[in-house]
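Visitor: Pick one part of this model and walk me through it up close, please. I'd like the local pairing first, then whatever empty space turns up around it.

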Amino acid sequence: MKKITKKIILAAVLLLFAGMYYYVTLPAINIHAAGFWTTLGLLIAFATILYAVVQMRRQSKTNVVQVKTIESVWKELKLVRLGTALFILVFVIFGAGNLLSSPVINADKYQKLMTVQEGDFTEDIQQTNYNTIPLLDKDSAELLGNRKMGSMVDMVSQFEVGTDYTQINYQDMPVRVTPLVYANEIKWLTNQKAGIPAYIRIDMATQNTECVKLEETIKYSKSEYFNRNIYRHLRFRYPTYIFDDQIFFEINDEGTPYWVCPVKKFNIGLFGGQTVGNVVLCNAVTGECTDYPVEDVPNWIDKVYSAELLTQLYNYYGIYKHGFFNSVLGQKDCLKATNGYNYIALDDDVWVYTGVTSVSGDQSNVGFVLMNQRTMETKYYKVEGAIEDSAMSSAEGQVQNLGYRATFPLLLNISNEPTYFMALKDGAGLVKKYAMVNVQKYQWVAIGDTVKECEKAYVSLLATNGISDVKNESLFESVTGTIAAIAPVTIEGNTHYYVALENSGDLFDIDLSDKSLIGIIRYQAGDSIQLTYSRDESGLHPVTGILLFTP
């Protein structure tokens, strides 16, 4: 009876250890998960050591006089031998699985994980609409988010801004969204019953920052500690799913917060060739989960594949074209992504942009790729030019006296010319100027205090170098009419003239800081005028030139 009781206690201790370990580490019960084999090996080792200790204690109590040899003790500890053998077997399976899943053996399979199509730059990348491109990077978004949180006196003492800042398209606009999190453990204890009341939304084009307060609060998040922790909630719902390390905070078109949780799929052996097989969509308010095959994900979701995963898959495609050993030795035709990436909004999807260069580490790109974060669709564009780091250095050189640092660039189509666009930030991380750098001629750099000024200077620079004709530039339109009303206004210390034309619902903005437009002061209502301007969806169009003087 005593022997049975000891076995029950031993089993209970083992189960308690296994349960606590599972609750804390949340391993997937799946042979493709490295954590499964680690957990299995640890449990076998713990059970073996525990059993050995119990047996040794029993032997010491029942054999006080008789001293047994090590060999006799070893024969008695059959379960210890079995446990040791199982631990070694787990270790061997794990090591063999890693080797047999590696690119050393499966380079051709790795190379085919991503399908890459060749695209046409001028057809696929349309002329830029600055209302739909992100002018800020994540670091700048974090500054805006923290500043906004500091002004929310009713919440700032209890909550902080999370670090997610997921970039998505929201109602056709590029925004970053991130939830609030509990400020610390004590604040969690006092607020977790009510939940998290808001999230931050930042318009990356206008820099408008909102703290969106929710009627129903967020109950499931990364900052929860027990069963409402989003990772634990997902694990208990889907014990066999291997969730990606990155899950994404997004909002749907109505502003409802969700967690987008990609599920890993391993296509090569036990642990190799990771892509995404399923996506679990979890409502951050109710915890309700919906499981989608990756091809059936709703269109409003923007992030399924992380930028890091897409970049890794492209590197497999570019490096292993002629096998593993060529990637190490001869390196013929081996290409890789450059050391950074950014995001572009196209067709209501978010695409990852990165340059493509040779593995030899030279300072030029042979092209660039766009990779869809929802579908993994990938397009390669053969555009030779400067690597992004060189373009950033070139832009910084134009303002070296100010010490501004360039953000990683976006790739835009300006006058059908591939153009790097980047913000220039001061030491405090605030955006002070903007720069455009020609991809193929990276010594052609234009700087402006605003995006419009930067664009105008860049187009003029292209015209100077025979690339485009400013007056016929497709970026600009021309209008002739009679002035219905004209009025001066002051904006940020600069004088502007707003002009309305008869039979037109548009309003034209003439900035007198541009000395070429100073002639507008000679005009009045009733005069005829011809303007060139850059169309803006707001209806207030910046004027770039006054072509006809008839006041």
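**A strand and its partners**

Guide: Let's start with Lys336, which sits opposite Thr357 of strand β13. Keep in mind that this is a predicted model. Lys336 brings us to strand β11, residues 335-337, which pairs with β13 in the antiparallel sense through 3 bridges. Strand β13 itself covers residues 349-358, and 10 of its 10 residues are buried, so the rest of the structure largely encloses this strand. Buried here means under 20% relative accessible area.

β12, residues 342-346, also runs antiparallel to β13, and 5 bridges join the two. Here Leu346 faces Asp349 of β13. The hairpin of β12 and β13 has 2 residues between the strands, and Asp347 takes a positive phi there, near 55 degrees. That's a spot to look at if you like checking backbone torsions.

Then there's β15, residues 367-372, which is antiparallel to β13 and joined to it by 6 bridges. Across that pairing, Tyr353 has Leu370 in β15 as its bridge partner. As background, strands of a sheet pair through backbone hydrogen bonds, either parallel or antiparallel.

Tyr353 is also a handy way into the empty space, as it helps line the second largest cavity. That cavity has a volume of about 50 Å³. Around it, along with Tyr353, you'll find Asn365, Gly367, Phe368, Val383, Leu411, Pro418, Tyr420 and Val439. Two elements, β15 and β20, each give two or more residues to this lining. By class, the lining has 7 nonpolar and 2 polar residues, with no charged ones.

A search of the whole structure turns up 2 cavities of 30 Å³ or more, and the largest holds about 70 Å³ of space. Strand β20, residues 417-425, gives the largest share of that cavity's lining, with 3 residues. The full lining is Pro134, Leu135, Leu136, Asp137, Asn342, Thr407, Phe408, Pro409, Leu410, Phe421, Met422 and Ala423. Sorted by class, that makes 9 nonpolar, 2 polar and 1 charged. Asn342 belongs to this lining, and β12, the hairpin strand from before, spans residues 342-346.

Methods: Residues numbered from 1 in each chain as written. Predicted model: local features only at pLDDT ≥ 70, side-chain atom pairs only at ≥ 80, totals over all residues. Heavy atoms only, no water. Buried < 20%, exposed > 50% of the residue type's maximum accessible area, 1.4 Å probe, protein only. Helix = DSSP H or I, 4+ residues; strand = E, 2+ residues; numbered from the N terminus. Pairing = 2+ DSSP bridges. 1 Å grid on protein atoms, 1.4 Å probe; cavity = no way out; pocket = protein on both sides within 12 Å on 5 of 7 lines; lining within 4 Å. Points joined across faces, edges and corners; volume = space filled by probe spheres on them. Nonpolar A, V, L, I, M, F, W, Y, C, P; charged D, E, K, R; others polar.
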